[in-house]
Amino acid sequence: MKEIVLNEQEIQEIVKRMASELKEKFKDSDSIPVFIGVLKGSLPFMMDLMKYYDLPLIEDFIQVSSYDGTESTGVIHLKKDITEDIKNKNIVIVEDIIDTGTTLAYLKQYFKVKYQPRSITIISFLDKKPLRKVDLEADIVGVSLNKNQFLVGYGLDYNEINRNVPYIFIPDEQDLEKRNETLKNNK
């Protein structure tokens with residue numbers, strides 16, 4: 001039986017708090033922040049975050065990958081770049097989860113070198129600090145996790161499925177087998 005880690009109501013309360021922290025950070029800024037969602041996992045979180053952030057913002061997306069199934073490969077592949085001009089603008093990198101930190105360290109350096117933004121703020125719904133392999137800290141974190149558990153839902157996927165589940169859970173072996181069968185039958 002799957003274990004629910006965060007239900008819908010808990011998620012929404014956390015996102016409201018995070019949006020409030022961002023509003024405080026940018027309330028006196030003369031530059032509208034550009035929220036850059038890291039596709040595909042950040043999408044549900046970013047949509048909720050923008051709903052509760054009631055100040056002007058610009059949105060964009062970047063897509064990178066480093067996962068195969070339940071494991072990070074450690075190799076970053078840029079699949080889709082941003083389209084907004086972010087030079088000398090405040091950017092907010094919106095991520096669903098930080099584990100090794102490799103992806104966000106890559107993105108932070110990539111944006112600095114290629115686009116020269118005014119500032120970079122990293123916001124992540126979840127943070128798995130025990131897995132960190134690089135020196136990287138998010139500016140705003142929803143929930144810090146001290147266990148290395150494979151999580152699914154609210155943007156987190158298992159081979160591209162279950163991102164649309166509105167809560168976060170730990171799948172059991174039976175759940176993973178069922179999803180593998182679904183994937184196999186969908187090819």
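How many bridges join E2 to strand E5 (residues 90-98)? There are 4, and the two strands run parallel; strands are said to pair if DSSP finds at least two bridges between them. The model is predicted: local features need pLDDT of at least 70 and side-chain atom pairs count only at pLDDT 80 or more, while totals for chains, interfaces and linings use all residues. Residues are numbered from 1 along each chain as its sequence is written, and side-chain values use heavy atoms, with hydrogens and water left out.

The chain as a whole comes before the details. It holds 4 helices and 8 strands, where helices (H or I, at least four residues) and strands (E, at least two) are DSSP runs numbered from the N terminus. Read from the N terminus, the order of elements is β-α-β-α-β-β-β-α-β-β-β-α. The radius of gyration is 17 Å, close to the 16 Å that the globule rule gives for 187 residues, so the chain is as compact as a globular protein of that length. That radius is taken over C-alpha atoms, and the rule is 2.2 Å times the number of residues to the power 0.38. Along the principal axes, the C-alpha atoms fill a box of roughly 50 × 35 × 30 Å.

Of the 187 residues, 49% count as buried; buried means under 20% relative accessible area, exposed over 50%, and partly exposed in between (1.4 Å probe, protein chains only). Contact means heavy atoms within 4.5 Å, and among contacts between residues at least 6 apart in sequence, 63% join residues at least 24 apart.

Strand E2 (residues 34-39) has 6 of its 6 residues buried, so it is largely enclosed by the rest of the structure. Val34, Ile36 and Val38 lie on one side of E2, Phe35, Gly37 and Leu39 on the other, and both faces are covered. Within the pairing with E5, Phe35 has Val92 as its bridge partner. At the end of the strand, a cis peptide bond with omega of about 5° joins Leu39 and Lys40. Lys40 itself belongs to the loop between E2 and helix H2 (43-52).

Two residues of E2 also meet strand E3 (residues 58-68), the location of Val64. Leaving aside neighbours within four places in sequence, the contacts of Val64 include Val38 and Leu39, as well as Ile76, His77, Leu78 and Lys79. Thr103, Tyr106 and Leu107 are also among them. Val64 is buried, at a relative accessible area of 10%. Its C-alpha is 8.6 Å from that of Asp81, 17 residues away in sequence.

Asp127, in strand E6 (residues 119-128), is an acidic residue with a relative accessible area of 0%, and is therefore buried. Beyond its neighbours within four places in sequence, Asp127 is in contact with Ile98, Arg132, Val141, Val143, Ser144 and Leu145.

Two asparagines stand out by their backbone. Asn88 has a positive phi of about 60° although it is not a glycine, and is placed in the loop between strand E4 (71-80) and E5. With a relative accessible area of 47%, Asn88 is partly exposed. Asn162 also has a positive phi, near 80°, and lies in the loop between strand E7 (140-145) and strand E8 (168-170). Asn162, however, is buried, with a relative accessible area of 15%.
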